[in-house]
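Q: Please take a close look at a single part of this structure, namely the places where one part touches another. A formal account suited to a first-year student would be welcome.

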Amino acid sequence: MINKSFIFGAAVLAIAAFAISSCSDDSGVDYLSATVTIDESSLSGIPSPESYTVTFTNVGTGDVLQKISTGTSVSTDSLITGVYNITAQAQFEKGGFSYNYIGTSSNVEVNADGINCVIKVSATKSSALVFKEIFYSAGKTPAAKNYFRDQFYEIYNNSDKTVYADGICLGEALSSTVFDFTGAAGLTGDASDYIFFGKLVWQVPGDGNDYPIAPGESFVIAQYATDHTAADKNPNSLDLSTADFETYIDDYSSNQTDCNAINLNLVCNASGNNSKQYFTSVFGSAMVIFYPSTTIKNTDYIESVNQANNMGREILKSDVLDAVDCIKNATTAKRLEAQFDAGSIYCSGIYVNESIYRKTASTNADGRIVYQDTNNSTEDFQISTTPTIRRNSAGRPSWSTWTVAQ
Amino acid sequence: MIFLSLTLLPFQAGAQRHLNDNAALELNKADNLWISSDNAAGLLFQPVVAYNVVSFDYSYDSGSFHRKQSGSSLRNVNFDTQGALKVGKFQLWGRFAYNNIADNGTQFNTLLYDPFDERTIYNVADTVSSNWRKQSYEMEVKAAFPLLADKLAAGLHVIYSDKLSAKQKDPRSESSRYYITLKPSLTLKTGKHVFGVNGYYSNNFERVIPTLSNSSETQPVYVLRGLGNYVDETVGSSGLSIMYYKCNTFGGAFQYNLDGPVRILAEVGFLSHSTNVRQSSTQPLKMGSTSKSDLTCSVRTLFGNGNGNLNKVTVSFSDIKTDGTEYTSVWDKVTGEWEVRSQAVMSTYSTLTAAVMYDRYILEDNSFKWNYHAGLSWIDKSDEYKLPHSSFSYDNILVDASGFRRFVVGKSSLLTGVCASYNLNLSGDYSYAGSHPSSPLVRDWYPHDINILTSDYYKAGLKADYCFPLKGKINLSVSGDASYLYVDASLDRFYIRGAVALIF
């Protein structure tokens, strides 16, 4: 009796339990397919490349998938549900000109099979002046203290013609995904024609002929053009006493002295920053060099329509020479539009003494290096743990002759 | 304080026997089918003999046999007081417990008090070996009272818990966790049969603040997605913000009790847990959510052969399933908020268990002279990350046995016992196909844990408990136990515990 009651009760419950548990729903997640079509309708007068490299970047995870198109179309069946930034890019040389093709579709929701995405590409000719190396992550002293006074920006003449640095500007662009200036008060024309700068903008002085940069030469802009390996600074750092320009504001608490490097002009201060020292974020900024087609005003800034009290100086997009989107890590949102930089680059952390530098595309017979410039910093740049100015024996301009800081 | 005062009340007139040692307390609970069910109302028809216990114990275990998220050594100081009594028509049981825990040498858990809770799989991990300091306060009370003479009873079981924890090395965190559980219940008695039903609601909340003691050095961490998949993040500067884990649980259970020479209690219960994880309160960002379901069944049977023996057989089964949902959010600059654009169930976790336990008591006075125990349990774990497909699974059988002898010397008693168990692994594997095959999670954490969970091991232990009258009906118990787990020369763990208790 005992055994029968117990066994019966246990059996009924076990059967019920297994029945219920076996009815669980197993809704699977499958790979999804997508087709990308490249719209070349804006390439008037510009030849089409043979194929495009199409990159699918998962916004949530940072995972990347690359495919090569057949003509203007590419398909994949290897995407998982998510939101993607899809970029199509190509590089093509013809008639002595180098063309960069780029187009991006952002935040494409892939949540069903058979997604179709059209990407409109635009093309630009390669600029002569490009960022060659940027050191923004800063580093640490032997005593493990943060040291950021040795930030620098090296700009290289990637062409076969002499160009002039006179009037070239360096600045940090405001994020196009955060700040909206559409219909902003005081803005002339369409906000989509401009790129906006919210912090300090520096300009190389000169009347147009003072600072020639020959092919294969570069000029270095240092925050503080001194020898940072000195014992009272950071022996782990580098010597910037031969930098060509520096961003000197003031002898602020003896943090910085005015060195032999030529002082850039501070032409714009949209944020109203009263700091007497200049440095860019160690997490990375959207660094841009441009040649302004009009004189830059240092007043009457434009206020963002969606971020009150955030001011910017508008610069025509067509004035931009080169731009690099330096971000914090793989899942940080981009700041720059794809036409300036289709990708992004990041160091392994902050105060890690890492710089980003451009990859070599080719070396001419005379030894002059041509650096890779596809308008995509993800592809064009790599990380170095030894920040170096004039890497790969880049030439120093003839007018830059000093050998010590002062 | 109410619970403490209840537990310190002297023995109430009307109770049929006095429990004067831990063996008697154990028999008291073993003899009551309803005390360990979710239905408090059943206590009215089968009351627990009144008792009070105040205990203090210290335990320590250490060894290489541990999962990465648990420590190489664990120290726990515990204060516990509990008791049962009848007040008027109310049958009451209450407990208060305080634990102070030092968990040393843990890894891959940056945030959570309990990293093994499957409701909170969207944790954050780091590779730094760190210590944790934890405190928990738990109070619970069961009350049963008649609604209709000897036919219908109502009951309520309330549990409140507050837990604090702090990670001791960068990246650090401070966690505050609380939960409250309510189980209202009803039982209906018809002759020898009692039918019961209870509801279940629990609200669980954990708030974690990631911090650094050295703010000049940010720390890299991994925001977990499951089975080795993650997203990079940092703690410090503008990195990880405050994390919030919120869980609501609904459910209930049915019970059937048969009284007589053979007493049976069968119980089927179901719980549904829904947990949401969010980062930051000013710009909330969904980090993930889980949906967990627990199905549990048990049958407990008590019978004696009329010669002063009590036999107890317990058969139990559980099926626990968890789905992990990931979200992709995009910052909307117009609204200034994170907007969810995509979500999908990307991982599933399944745990099946079954167990059969047999206990035999040779009774003596209000306690037992001998206790024999044998048990057989099985666990099947199967976790999966959907795409790219990764899996983590194991299948084990555990056999355990123990024997206790109680010696009576005058008014004192000495309980001694031995126990042994053997765990046999049937299968187990971890495979990873994601985009971070060389990360520390995939190379170190998961392979280490699957090795622990698929180990065959032996475990043996001893226990001694000496109890003597202190004053009046108050008895003092001094006890200790130790056990040793062995896999091989490089993988083992020992455990020791000492306790002092007042029983009255």
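A: The answer below treats the contacts of chain A and then turns to chain B.

This is a predicted model, in which local features need pLDDT of at least 70, side-chain atom pairs count only at pLDDT 80 or more, and totals for chains, interfaces and linings use all residues. Residues are numbered from 1 along each chain as its sequence is written, while chains are lettered from A and ligands numbered from 1 in the order in which they are written.

For the complex, the predictor gives an ipTM of 0.78 and a pTM of 0.74. Between the chains, 39 residues of chain A are in contact with 33 residues of chain B; two residues are in contact if their C-beta atoms, placed from the backbone, lie within 7 Å. On the chain A side, the elements that give two or more residues are α1 (2-22), β5 (82-94) and β6 (97-110). Here helices (H or I, at least four residues) and strands (E, at least two) are DSSP runs, numbered from the N terminus. The largest share of this side, eleven residues, belongs to α1(A). By type, the side of chain A that touches chain B has 17 nonpolar, 19 polar and three charged residues. Ala, Val, Leu, Ile, Met, Phe, Trp, Tyr, Cys and Pro count as nonpolar, Asp, Glu, Lys and Arg as charged, and the others, Gly among them, as polar.

Within chain A, the domain assignment gives domain 1 (32-125) and domain 2 (129-393); such bounds come from an automatic or database domain assignment. The C-alpha centres of these two domains of chain A lie 28 Å apart. Ten residues of domain 1 of chain A are in contact with nine residues of domain 2 of chain A. To the domain 1 side of this contact, β5, β6 and β8 (122-125) of chain A each give two or more residues, and β6(A) gives the most, with four. That side divides into one nonpolar, nine polar and no charged residues.

As for chain B, its mean pLDDT is 92, and 96% of its residues reach 70 or more; pLDDT is the predictor's confidence in each residue, from 0 to 100. Over residues 1-16 of chain B, however, pLDDT stays under 50. Where pLDDT is low, the predicted coordinates should not be read in detail.
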